[in-house]
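This briefing goes through one protein chain by topic. Please keep the sequence and the structure at hand while reading.

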Amino acid sequence: DCIRVLLRSRGVGDVYQIHVWSFAWPIMLANITVPLLGLVDTAVLGHLEHSGYLAGVAIGANIFTFIFWAFGFLRMGTTGIVAQAYGKQDTSQLLRTLIQSIGLALFIGIVIIANQVWLIPTAITLMDGSQQTQALATAYCDIRIWGAPATLIQYALIGTYIGLQKPKASLVILIVINLLNIIFDVWFVVLLEWNVAGVALATVLAEYIGVFISLAYLYYFLSHHSQSTSASKSDQEQALFTWSLKVLLNRHDLSRLFSVNGDIFIRTCCLLFVFAFFTSQGAKQGDVILAANAVLLTFLLLISNTLDGFANAAEATVGEFVGQMENKKHASKQQLMLFVRSALQWCVGFTALLMLIFYLFGPSIITLLTNINDVQETAKQYLTWLILMPALSCLSYLYDGIFVGATQTRSMRNIMIVCLFVVFIPLWMLTQTYGNHGLWFAFSAFMLSRSILMWFSYQRFLQSL
């Protein structure tokens with residue numbers, strides 16, 4: 001609605017530039033708050049009597065990061081379908097998608113808890129570590145795993161907020177969750193001296209409280225949004241709170257939800273494999289290479305946290321445009337292309353900024369991240385790859401968002417499979433003699449090939465409209 005109002009007074013390109021930035025900055029700020037929580041965990045545990053507490057939580061937290069990352073489709077898949085329903089002003093479909101996504105998240109969370117007897121020991125064994133560290137990691141995981149349903153439900157809720165073009169709501173909720181987590185951290189660890197158990201319990205409580213806050217705000221928004229949608233308030237309340245089998249087991253909606261989520265899940269598993277393989281091959285070259293690569297991957301985290309803001313803007317807005325076009329309302333192919341062009345301009349601008357930052361301050365950032373001389377010098381030898389990485393990967397981030405919004409998830413899946421098995425693995429095999437440079441070359445080519453193939457796929461998508 002804001003875009004349509006502004007269209008009357010400003011150029012279309014200017015409006016989309018404003019829209020992209022107004023959507024992206026809350027997501028970027030929200031992404032920045034996530035590592036701050038890790039700093040607090042480090043601070044409270046780093047002042048205990050031995051380092052085993054910190055190591056145990058690090059292992060446990062990494063385990064859940066990988067587990068939950070695999071189910072990131074609950075966020076992305078929900079965003080695309082909700083955004084299209086929002087564009088069509090189909091509140092009934094929007095609520096069905098929300099209910100089914102929450103139901104799927106709850107089911108997966110319960111399955112994770114039910115399999116904790118073998119899942120936790122297996123994961124901790126794979127992560128390695130001393131006997132004491134493994135014991136502390138087990139204590140952390142035994143509590144943290146009970147938060148799995150809340151974490152996954154929050155994925156679905158955040159996906160809904162992005163699809164509804166409410167990025168600031170996501171930011172506020174994430175900040176509240178992190179603040180609660182920090183407060184509980186200090187209370188349980190510093191005051192009650194519960195060490196790793198306190199850190200895990202703080203996270204679980206904050207996640208469940210966050211779910212209730214998200215649901216409360218979502219109900220408030222949908223209730224007040226009813227006047228501008230095709231469904232009445234009573235219809236919304238019935239769809240939202242009557243968890244009937246008819247809603248949860250709607251064959252058509254579930255088929256689409258599982259198809260979209262299944263594609264994204266396969267795509268995510270391929271990406272996880274690339275990172276796991278990259279880490280494993282670095283480890284085979286020695287502890288110094290392993291540590292240096294871990295430091296450099298922090299740069300990649302900065303890239304993703306920045307460019308994801310524009311990807312999320314594309315998810316929501318492209319989804320809305322596609323929904324409007326399906327419903328023959330307002331949006332046109334030309335408007336979609338103008339928006340994508342505006343998002344691309346922002347993405348390229350921040351890509352150039354990141355490359356400049358890495359070029360000017362990369363060595364200083366490495367020094368800040370580690371004080372081990374061998375690791376510092378080794379990381380600096382491979383810094384050039386990270387300076388180039390924003391340019392190689394920026395299109396892949398943006399087109400990921402476009403494809404999620406358009407629910408072109410099959411293309412995302414197929415491109416990821418091709419880039420893994422046709423580009424990354426063969427190039428790694430051909431460049432093994434170049435050691436870590438060969439590994440970084442294969443990884444860089446993997447990211448570049450994703451960008452190129454997704455651009456071509458986007459052109460085919462435009463022709464199909």
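The notes below begin with the chain as a whole and then turn to selected helices, residues and pairs.

The model is predicted. Its secondary structure consists of 19 helices and zero strands. Of the 465 residues in the chain, 53% are buried.

**Overall make-up**

- Among contacts with a separation of 6 or more, 82% are between residues 24 or more positions apart.
- The chain has an accessible surface of about 20,800 Å². Carbon and sulfur atoms account for 67% of that surface.

**Helix H9 and the patch beside its end**

- Helix H9 covers residues 167-191, which is 25 residues. From its first C-alpha to its last it reaches 35 Å, close to the 36 Å expected at 1.5 Å a residue.
- The buried residues of H9 include Pro167, Leu171, Ile173, Ile177, Asn181, Phe184 and Phe188. Polar residues are also on the buried list, among them Ser170, Asn178 and Asp185.
- Leu191 also lies in H9. Leu191 counts as exposed because its relative accessibility is 62%, and the cut-off for exposed is over 50%.
- Leu191 belongs to a nonpolar surface patch of about 570 Å², together with Val186, Trp187, Val190, Leu192 and Trp194.
- After H9 comes Glu193, which has a positive phi, near 60°.

**Thr203 in helix H10**

- Thr203 sits in helix H10, residues 195-225. Its relative accessible area is 8%, so Thr203 is buried.
- Apart from neighbours within four places in sequence, Thr203 is in contact with Arg144 and Asn181. Asn181 is itself one of the buried residues of H9.

**Cys270 in helix H13**

- Cys270 is found in helix H13, residues 251-284. With a relative accessible area of 10%, Cys270 is buried.
- Leaving out residues up to four places away in sequence, Cys270 touches Met416, Ile417 and Leu420.
- Cys270 and Met416 are 146 residues apart in sequence, yet their C-alpha atoms are 6.8 Å apart in space.

**Aromatic residues**

- The structure contains 31 aromatic pairs. In one of them, Trp346 with Phe350, the ring centres are 6.2 Å apart and the planes meet at 40°, so the pair is tilted.
- Trp346 and Phe350 are about one helical turn apart because they are four residues apart in helix H15, residues 333-369.
- The two rings fall into separate burial classes: Trp346 is partly exposed at 24% relative accessible area, whereas Phe350 counts as buried at 17%. The cut-off for buried is under 20%.
- One aromatic cluster is formed by Trp69, Phe273, Phe275, Phe277, Phe278, Phe424, Trp428, Trp440, Phe443 and Phe446.

**Salt bridges**

- Side chains of opposite charge can pair when their charged atoms come close.
- The count of salt bridges is five.
- Glu315 pairs with Arg75 in a salt bridge, with the closest N and O atoms 2.4 Å apart. Glu315 is in helix H14 (residues 287-326) and Arg75 in helix H4 (residues 73-88), so the pair ties together parts 240 residues apart in sequence. Both Glu315 and Arg75 are buried.
- Arg413 forms a salt bridge with Asp263, the closest N and O atoms lying 3.0 Å apart. Because Arg413 is in helix H18 (residues 409-430) and Asp263 in helix H13, this pair ties together parts 150 residues apart in sequence. Asp263 counts as buried at 7% relative accessibility.
- Arg450 and Asp400 meet through their side chains in a salt bridge of 2.9 Å, N to O. The pair links distant parts of the chain, with Arg450 in helix H19 (residues 435-464) and Asp400 in helix H17 (residues 383-405), 50 residues apart.
- Arg450 is buried with a relative accessible area of 4%, and Asp400 counts as buried at 10% relative accessibility.
- Arg267, Asp400 and Arg450 are joined into one network by salt bridges that share partners.

Technical notes
Residues numbered from 1 in each chain as written. Predicted model: local features only at pLDDT ≥ 70, side-chain atom pairs only at ≥ 80, totals over all residues. Heavy atoms only, no water. Helix = DSSP H or I, 4+ residues; strand = E, 2+ residues; numbered from the N terminus. Buried < 20%, exposed > 50% of the residue type's maximum accessible area, 1.4 Å probe, protein only. Contact = heavy atoms within 4.5 Å. Expected span 1.5 Å × (residues − 1). Areas by Shrake-Rupley, 256 points an atom, 1.4 Å probe, with all protein chains shown as cover. Phe/Tyr/Trp six-rings, centres within 6.5 Å; stacked < 30°, edge-to-face > 60°. Patch = residues over 30% accessible without salt bridge, like charges linked within 9 Å, V, L, I, M, F, W, Y side chains within 5 Å. Salt bridge = Lys/Arg side-chain N within 4 Å of Asp/Glu carboxyl O.
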